[in-house]
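Grab a pencil and have the viewer ready. Try each exercise yourself before you read its solution.

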Amino acid sequence: MELKPSDSCSHLLKIQNLQTQFVTLRGLLPAVDGVSLAVESGQTLAVVGESGSGKSVTALSILRLFNRGDRVKMSGRILWKQTDGGQIDLASIDEAGLRQVRGGEIAVIFQDPGASLNPVFTVGSQIREALRRHRPAEDEEATAIALLRDVGIADPQRRIHAYPHQLSGGMRQRVMIAIALACRPRLLIADEPTTALDVTIQAQIMRLLSELKSRHQMALLFITHDLGLVAQIADQVAVMYAGQVVEAGPVAQVLREPRHPYTRALLNCRPSRLYSDIGPDERRLHPIPGVPPRPGTIATGCRFAARCTHQQVICRAGTIELETAAEQDRQVRCLRWNAIS
């Protein structure tokens, strides 16, 4: 669906009430339930949560990048701002229209570059393929070498002829970033791009993403479970739990004064607390008790109630909506956020 320019807004990407369900033999399993997010041009939105919270499925839903055998039902709107100021709804356009956006205007990098790169083709041939599809160049070889140099790969003239197995994990991730940047995207989706890397390489990749975002003036949707990385790179953050956004707002505010008990719990169980200048009794990690509910077993009320130390009877009934917190740009899905702040 194409929207008129008059329907445009300041958001580069705006997700409205996204519902993503997987069709299984046991019925519909909801992975994303009513998620609404917005990414501004040139800014970074981080989506954070435990495994199974729905953050990666939210990212995959934007471009419908599901496995071939998956049967998926989606509803809601995914509004993409075009260069002329109008919008298209990525949730409703056909596959041909989506291919024009996928890889060209919106690029994606995943956490395992080894699974994303084709092992039987050289690095250079895979970069050239991306160029050929979306941004034909007069000299594809020179452009591919320049891209490898841009992402910090030493001796790119030689590395362009290497196969993925001949590169380290950090270098493979840099190649994936080069492929993503080949088409000059306006939005880069990074789905836990540093999870499979050691801490030193992780820091290098994070610096690289920040530098490239500024240099190419693109927006970044950063998916992670690590709040430490969120503090480094993001302008805005959305915290997800059991398929829903439970808190959202500017990073500095959310990390300094979390309103939702789940956000607080995530901050309290960070390993970095072991090395802070606090008393011995406070250095103990505080793991979140229990486990997240499985899709299809979610009861009414607050989905975090069973694990929350502040829960009361009212938390387990009805539907808990996102509401504006004390600050106008903060949202929280909790009935008691004001009482426990």
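Here are three exercises, each with a worked solution.

This is a predicted model, so local features need pLDDT of at least 70, side-chain atom pairs count only at pLDDT 80 or more, and totals for chains, interfaces and linings use all residues. Residues are numbered from 1 along each chain as its sequence is written, and side-chain values use heavy atoms, with hydrogens and water left out.

**Exercise 1. Find out how many disulfides the structure holds, and check Cys269 and Cys334.**

Step 1: Start with the idea. A disulfide is a covalent bond between the sulfur atoms of two cysteines. Here it counts as a pair of cysteine sulfur atoms within 2.5 Å.

Step 2: Apply the cut-off. The structure holds zero disulfides. For Cys269, the nearest cysteine sulfur belongs to Cys308 and is 14 Å away. Cys334 is unbonded too, because its sulfur is 6.3 Å from the closest cysteine sulfur, in Cys315, and that is too far for a bond.

Step 3: Look at accessibility (relative accessible area with a 1.4 Å probe, protein chains only: buried is under 20%, exposed over 50%, partly exposed in between). Cys334 is buried at 8%, while Cys269 is partly exposed at 26%.

**Exercise 2. Work out which residues cover the faces of strand 7, and which strand it is joined to.**

Step 1: Locate strand 7 at residues 106–109. Helices (H or I, at least four residues) and strands (E, at least two) are DSSP runs, numbered from the N terminus.

Step 2: Sort the side chains. Ile106 and Val108 sit on one side, Ala107 and Ile109 on the other, and all of them are buried.

Step 3: Look for a partner (two strands pair if DSSP finds at least two bridges between them). Four bridges join strand 7 to strand 8, residues 187–191, and the two run parallel. Ala107, for one, is bridged to Leu188.

**Exercise 3. Describe the largest nonpolar core.**

Step 1: Know the rule. A nonpolar core is a set of buried Ala, Val, Leu, Ile, Met, Phe, Trp, Tyr and Cys residues joined through side-chain atoms within 4.5 Å.

Step 2: Count. The largest one has 62 residues, and Ile127 and Ile177 have the most contacts inside it. Helix 7 (residues 169–181) gives the most to this core, eight residues.

Step 3: Zoom in on Ile127. Leaving out residues up to four places away in sequence, Ile127 touches Ala144, Leu147, Leu148, Ala178 and Ile179 (contact means heavy atoms within 4.5 Å).
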